[in-house]
Amino acid sequence: MQRSPPNLEFPGSHETVCGSCGLVLADREIDMHSEWRTFSNDDQNNDDPSRVGDATNPLLNGDQLETQIASGGSGRVRDLYRAQNKQSSEKANKSLLAAYKEIGALCDGFNIQKNVADTAKYLFKIVDDAKAFKGKSQDVIIAGCIFIACRQCKVPRTFTEIFAVTKVTRKEIGRIYKALEKFFTAQNLERINAVVSSGGVPDPNDTYTATTSTKPSDLCNRFCNLLDLPFQVTSVSSSLSDRVTTMGDLAGRSPLSIVAACIYMASYLMGHGKTAKEISQVAHVSDGTIRGAYKQLYAEKERLIDPEWIKDGKGDLKNLPAS
């Protein structure tokens with residue numbers, strides 16, 4: 001059998017034909033190509049070669065193998081759509097999807113990473129599955145989940161920032177935060193005890209870690225970025241806030257006041273001064289509070305400022321304003 005020219009394969013008819021004489025060499029060959037199927041209405045250019053659907057979403061209930069009937073039809077299609085909507089499992093997933101959509105929109109407003117939104121959704125599902133906090137508004141629970149998710153993902157946000165987006169009061173956020181922390185810790189302990197009692201070993205990646213109070217240095221990077229300050233100022237302000245917190249020079253003041261005052265001092269120290277008003281717009285602290293905290297730092301500047309920060313002309317104590 002000649003092999004030049006090569007044999008021709010016709011996938012549509014599953015035939016192999018000799019390229020020189022046209023003899024059909026095989027007419028029942030098995031097609032080894034991918035068996036892509038699609039039912040998408042807009043698949044005009046084969047741009048949706050999918051036959052298996054989406055992957056299972058762990059944030060939803062059930063096996064998620066149901067066929068979804070589209071709305072907008074008439075007659076029998078409309079009746080089927082209404083009947084499907086009456087199923088309890090679908091209703092549960094719809095309420096979860098609505099909550100997830102709101103969490104996603106709020107996190108987009110924060111300009112924070114997707115992993116924070118996913119963590120907040122996971123925390124909300126734990127609350128929803130346990131049917132906890134029935135008397136609480138869903139908006140309050142969502143605000144608390146986002147606040148905890150931010151802390152767990154090492155991008156903490158303040159009560160004021162959460163309030164600005166969710167419109168849930170700071171007092172209410174503080175209350176739900178404490179209640180959620182207690183609830184998640186209890187749930188985690190219960191889950192670990194169940195695994196141990198059944199002879200298993202708890203997965204360290206599937207445990208809830210209680211969050212800790214936000215340190216002033218955790219906020220310095222973000223505030224300095226918003227103020228468009230160089231890395232040197234960011235580094236000095238972060239180190240200064242840690243030193244101030246350790247030495248207790250601004251004991252009793254909020255972390256926001258400490259951060260704002262340290263950024264104010266570091267910016268002038270390194271020659272990139274920012275006014276108290278500019279910093280107040282980012283840190284959400286009044287400029288009077290910033291100046292008051294700065295005066296306390298200025299009185300102890302010799303003790304608080306490390307000579308390493310300003311050596312080789314990188315900074316100068318003479319740049320610091322008196323108030």
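These are my notebook entries on a predicted model of one protein.

**Entry 1: overall count**

I began with the whole chain. I found 13 helices and 3 strands in the protein. Of its 323 residues, 36% are buried. I then looked at contacts with a separation of 6 or more, and 60% of these join residues 24 or more positions apart.

**Entry 2: the cores**

I asked which residues have the most contacts inside the largest nonpolar core. They are Phe124, Ile146 and Phe184, in a core of 39 residues. I noted the elements that give two or more residues to this core: helix H2 (88-110), helix H3 (114-129), helix H4 (138-152) and helix H6 (170-197). H4 supplies the largest share, 10 residues.

Next I looked up the surroundings of Phe124. Leaving out residues up to four places away in sequence, phenylalanine 124 touches Leu96, Ala99, Tyr100, Ile103, Gln138, Ile141, Ile142 and Cys145. Apart from the core of Phe124 lies another one, with 37 residues, including Cys224, Ala261, Tyr264 and Trp309. I added a general remark beside this: in soluble globular proteins, nonpolar side chains tend to be buried together.

**Entry 3: H4 against H6**

I wrote down what describes such a pair: the angle between the two helix axes and the distance between them. For H4 and H6 the angle is about 70° and the axes are 9 Å apart. Angles of 65 to 115 degrees count as roughly perpendicular, so H4 is roughly perpendicular to H6. I recorded the crossing of these two helices as right-handed.

I listed the residues on each side of the contact. H4 brings Val140, Ile141, Ala143, Gly144, Cys145, Phe147, Ile148 and Arg151. From H6 come Glu172, Ile173, Ile176, Tyr177, Leu180, Glu181 and Phe184. Sorted by class, the contact of H4 with H6 has 11 nonpolar residues, 1 polar and 3 charged.

**Entry 4: H8 against H9**

I did the same for helix H8 (residues 231-247) and helix H9 (residues 255-269), whose axes come within 8 Å and cross at roughly 135°. That angle makes H8 oblique to H9. I noted that H8 passes H9 in a right-handed crossing.

On the H8 side I found Val233, Val236, Ser237, Leu240, Ser241, Val244 and Thr245. They meet Ile258, Cys262, Ile263, Met265, Ala266, Ser267 and Leu269 of H9. How many charged residues are in the contact of H8 with H9? There are no charged residues there, and the rest are 10 nonpolar and 4 polar.

**Entry 5: two single residues**

I picked serine 257, which has its place in helix H9. Is serine 257 buried or exposed? Its relative accessible area is 8%, and residues under 20% count as buried, so serine 257 is buried. Setting aside neighbours within four places in sequence, serine 257 is in contact with Val285, Thr289 and Ala293.

My other choice was arginine 222, in helix H7 (residues 216-226). I looked up its relative accessibility, which is 18%, and therefore arginine 222 counts as buried. With its neighbours within four places in sequence left aside, arginine 222 is in contact with Pro156, Arg157 and Glu161.

Conventions: Residues numbered from 1 in each chain as written. Predicted model: local features only at pLDDT ≥ 70, side-chain atom pairs only at ≥ 80, totals over all residues. Heavy atoms only, no water. Axes fitted to C-alpha atoms, helices over the stretch in contact; angles between N-to-C directions. Helix = DSSP H or I, 4+ residues; strand = E, 2+ residues; numbered from the N terminus. Parallel < 35°, antiparallel > 145°, perpendicular 65-115°, else oblique. Left-handed = near helix turned anticlockwise from the far one by under 90°. Contact = heavy atoms within 4.5 Å. Nonpolar A, V, L, I, M, F, W, Y, C, P; charged D, E, K, R; others polar. Buried < 20%, exposed > 50% of the residue type's maximum accessible area, 1.4 Å probe, protein only. Core = buried A, V, L, I, M, F, W, Y, C linked by side-chain atoms within 4.5 Å.
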